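Welcome! Here are some short exercises, each with a worked solution, to help you find your way around a protein that may be new to you. Take a look at the structure first, then work through the tasks at your own pace.

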Amino acid sequence: MSGYSTIPYTIAFANELVADPISFEPYAGRARLSYCPSRAGDWINPHADTLGSVGGILRARTRDLRDDPARRGSERMRKLNTRRQWRCMDRLLCQVCGDPAADSTSGLIPWPLTKTVFERTGPDRGRTNAPPTCWNCIPKALEQCPMLHEDFTLYTATHARSVGVLADLYRPGVLSAVVLAAHNVFVGWDDFHLHPRALAVAQVVELHGMKTVP
């Protein structure tokens, strides 16, 4: 458990976690990772018209019961709710409160980042799987989050662009079994050769127009 008195929006609750079986299935002349049984919305595919996308990337299943305290169970502070993390990235929502993170006056997006969740890709840009945090929630996050106690830099960004996912990579095992080959690997939307083997646990965005906040 962390020292949070408020459970961050992206944190999963016990009954939101899903352990549905996965296996490789034939698809478009190749094998791709799939839930058993599969659903139409399981795969994320921003390059649906691009040859080589092979149907997209399988996204980890989670339930969204945050607004249903009677059913959601206890919080799991070390577990991420993939659906809510994805929503924060798509809509630039605060990972603590779930409200819009961008400053209403300047339009800049505050983004406290640790070295473990940030990779610089240019002088004023970099990749992260951590959603933004609004100005109102930053003091609370800095006080209560153990990761931010160890190391963080506060940035603002002008915008963010989805560039891929953080995923676990699998390979076929004996009979219908699957074997974990790599954990928490960045898989870009154009890394088509990795898409059939990936189970996405978080969306990754590239921040642009980054500036350090003193």
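Two strands are said to pair if DSSP finds at least two bridges between them. Keep that rule at hand, and keep in mind that this is a predicted model.

**Exercise 1. The open sheet**

Task: Work out in which order the three strands of the open sheet lie, and which strands form its edges.

Solution:
- Step 1. Begin with the order, which runs E7-E10-E14, with antiparallel pairing.
- Step 2. Next, look for strands that pair on one side only: these are E7 (109-113) and E14 (211-212), the edge strands.
- Step 3. Now check the pairing of E7 with E10 (residues 153-157), which is antiparallel and spans five bridges. Ile109 has Ala157 of E10 as its bridge partner, and Leu113 has Thr153.
- Step 4. Turn to E10 and E14, an antiparallel pair with two bridges. Here Thr156 is found opposite Lys211 of E14.
- Step 5. Finally, ask how E10 is placed in the protein. Four of its five residues are buried, so E10 is largely enclosed by the rest of the structure.

**Exercise 2. A hairpin**

Task: Find out how many residues lie between E8 and E9 in their hairpin.

Solution:
- Step 1. Locate the two strands: E8 covers residues 118-122 and E9 covers residues 125-128.
- Step 2. See how they pair: E8 and E9 are antiparallel and share four bridges. One example is Phe118, whose bridge partner in E9 is Thr128.
- Step 3. Look at the link: two residues separate E8 from E9 in this hairpin.

**Exercise 3. A histidine and its surroundings**

Task: Decide whether His208 is buried or exposed, and list which residues it touches.

Solution:
- Step 1. Place the residue: His208 belongs to strand E13 (residues 198-208).
- Step 2. Apply the cut-off, by which buried means under 20% relative accessible area. His208 has 18% relative accessibility, so it counts as buried.
- Step 3. Set aside residues up to four places away in sequence, and the contacts of His208 are Asp124, Arg125, Ala157, Thr158, His159 and Arg161.
- Step 4. Link this to the sheet from the first exercise: Ala157, one of these contacts, is also the bridge partner of Ile109.

**Exercise 4. Backbone surprises**

Task: Say which peptide bond is cis, and find where Leu92 and Asn184, two residues with a positive phi, are placed.

Solution:
- Step 1. Recall the background: most residues other than glycine have a negative phi, and most peptide bonds are trans.
- Step 2. Go to the bond from Cys36 to Pro37, which is cis with omega near -5°. Pro37 sits in the loop between E3 (30-35) and E4 (43-44).
- Step 3. Move on to Leu92, which is not a glycine yet has a positive phi of about 55°. Leu92 lies in the loop between helix H2 (82-91) and E7, and with 22% relative accessibility it counts as partly exposed.
- Step 4. Compare Asn184, also not a glycine, with a positive phi of about 55°. Asn184 is part of strand E12 (residues 178-188), and its relative accessibility of 40% makes it partly exposed.

**Exercise 5. Far in sequence, placed in space**

Task: Find how far apart Asp190 and Gly164 are, in sequence and in space.

Solution:
- Step 1. Place Asp190 in the loop between E12 and E13. Asp190 is exposed, at 58% relative accessible area.
- Step 2. Count along the chain: Asp190 and Gly164 are 26 residues apart in sequence.
- Step 3. Then go from C-alpha to C-alpha, where the distance in space is 8.0 Å.

**Exercise 6. The whole protein**

Task: Decide how compact the protein is for its length.

Solution:
- Step 1. Take stock of the elements: the protein has four helices and 14 strands.
- Step 2. Compare the radius of gyration, 18 Å, with the 17 Å that the globule rule gives for 214 residues; the two are close, so the protein is as compact as a globular protein of that length.
- Step 3. Add the box that the C-alpha atoms fill along the principal axes, roughly 55 × 45 × 30 Å.
- Step 4. Look inside and outside: 46% of the 214 residues count as buried, while the protein exposes about 11200 Å², with 52% of that supplied by carbon and sulfur atoms.
- Step 5. End with the contacts: among those with a separation of 6 or more, 67% join residues 24 or more positions apart.

Technical notes: Residues numbered from 1 in each chain as written. Predicted model: local features only at pLDDT ≥ 70, side-chain atom pairs only at ≥ 80, totals over all residues. Heavy atoms only, no water. Rg over C-alpha atoms; globule rule 2.2 N^0.38 Å. Buried < 20%, exposed > 50% of the residue type's maximum accessible area, 1.4 Å probe, protein only. Contact = heavy atoms within 4.5 Å. Areas by Shrake-Rupley, 256 points an atom, 1.4 Å probe, with all protein chains shown as cover.
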